[in-house]
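Trainee: I have a new model open on my screen and would like to talk it through with you. Could we take it one question at a time?

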Amino acid sequence: MRRTQDEIYREGLQALRDRLGRAGMIRFLQQFETGHGNYARERHKWVDRMSLEDLRTLARKQLPRKKRGVR
């Protein structure tokens, strides 16, 4: 028996809901949301204004601090 795309979609949602619950199903589906806008264009708005020293400073702030005497 051949199923339509709509039937497969509905059965898939039902399987996710049965296995993960409603909240788990929603969290799973959110992983595949495409978003909006142009990431490359938005990234250039802030990256192009940063110097190499700015990037180094930002990286230092993001790295976990080592305990004294521990290497």
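Trainee: To get my bearings, where is His36 found?

Mentor: Happy to help, and keep in mind that this is a predicted model. Helix 1 covers 5-30, and helix 2 covers residues 39-47. His36 is found in the loop between helix 1 and helix 2.

Trainee: Is His36 buried or exposed?

Mentor: The cut-off to use here is that exposed means over 50% relative accessible area. His36 has a relative accessible area of 80%, so by that cut-off His36 is exposed.

Trainee: How far apart in space are His36 and Arg17?

Mentor: In sequence, 19 residues separate the two. In space, going from C-alpha to C-alpha, His36 and Arg17 are apart by 26 Å.

Trainee: Let's step back to the whole chain. In what order do the elements run from the N terminus on?

Mentor: Start with the inventory: the secondary structure comes to three helices and zero strands. From the N terminus on, the order is therefore a run of helices, written α-α-α.

Trainee: What is the radius of gyration of the protein chain?

Mentor: A good reference is a compact globule of 71 residues, which would come out near 11 Å. The box filled by the C-alpha atoms, taken along the principal axes, is roughly 65 × 40 × 20 Å. Against that reference for a globule, the radius of gyration of this protein chain is 23 Å.

Trainee: And what percentage of the 71 residues is buried?

Mentor: A residue counts as buried under 20% relative accessible area. The accessible surface of the protein chain comes to about 7,600 Å², and carbon and sulfur atoms hold 53% of that surface. Of the 71 residues, the buried share is 4%.

Trainee: Which residues make the nonpolar surface patch of about 370 Å²?

Mentor: One member, Phe32, has its place in the loop between helix 1 and helix 2. At 55% relative accessibility, Phe32 counts as exposed. The patch is made by Leu20, Phe28, Leu29 and Phe32.

Trainee: Now for the charges. How far apart are the mean positions of the positive and negative charges?

Mentor: The protein chain carries 19 positive and 9 negative charges. Taking the mean position of each set, the distance between them is 12 Å.

Trainee: How many salt bridges are there?

Mentor: Side chains of opposite charge can pair when their charged atoms come close. The cut-off for a salt bridge is a nitrogen to oxygen distance within 4 Å. By this rule the count is five.

Trainee: Which residue meets Lys45 in a salt bridge?

Mentor: The partner lies three residues from Lys45, about one turn along helix 2. Lys45 is partly exposed at 47% relative accessible area, and the partner is also partly exposed, at 43%. The distance from N to O is 3.5 Å, and the partner's name is Glu42.

Trainee: Which residues are joined into one network by salt bridges that share partners?

Mentor: Glu53 forms a salt bridge with Arg56, with the closest N and O atoms 3.7 Å apart; these two residues are three apart in helix 3 (residues 52-62), about one helical turn. Glu53 also forms a salt bridge with Arg60, again with closest N and O atoms 3.7 Å apart. As for accessibility, Glu53 is partly exposed at 39%, Arg56 is partly exposed at 42%, and Arg60 is exposed at 54%. The network formed through shared partners joins Glu53, Arg56 and Arg60.

Definitions and conventions: Residues numbered from 1 in each chain as written. Predicted model: local features only at pLDDT ≥ 70, side-chain atom pairs only at ≥ 80, totals over all residues. Heavy atoms only, no water. Salt bridge = Lys/Arg side-chain N within 4 Å of Asp/Glu carboxyl O. Helix = DSSP H or I, 4+ residues; strand = E, 2+ residues; numbered from the N terminus. Buried < 20%, exposed > 50% of the residue type's maximum accessible area, 1.4 Å probe, protein only. Rg over C-alpha atoms; globule rule 2.2 N^0.38 Å. Areas by Shrake-Rupley, 256 points an atom, 1.4 Å probe, with all protein chains shown as cover. Lys, Arg positive; Asp, Glu negative; His and termini not counted. Charge placed at Lys NZ, Arg CZ, Asp CG, Glu CD. Patch = residues over 30% accessible without salt bridge, like charges linked within 9 Å, V, L, I, M, F, W, Y side chains within 5 Å.
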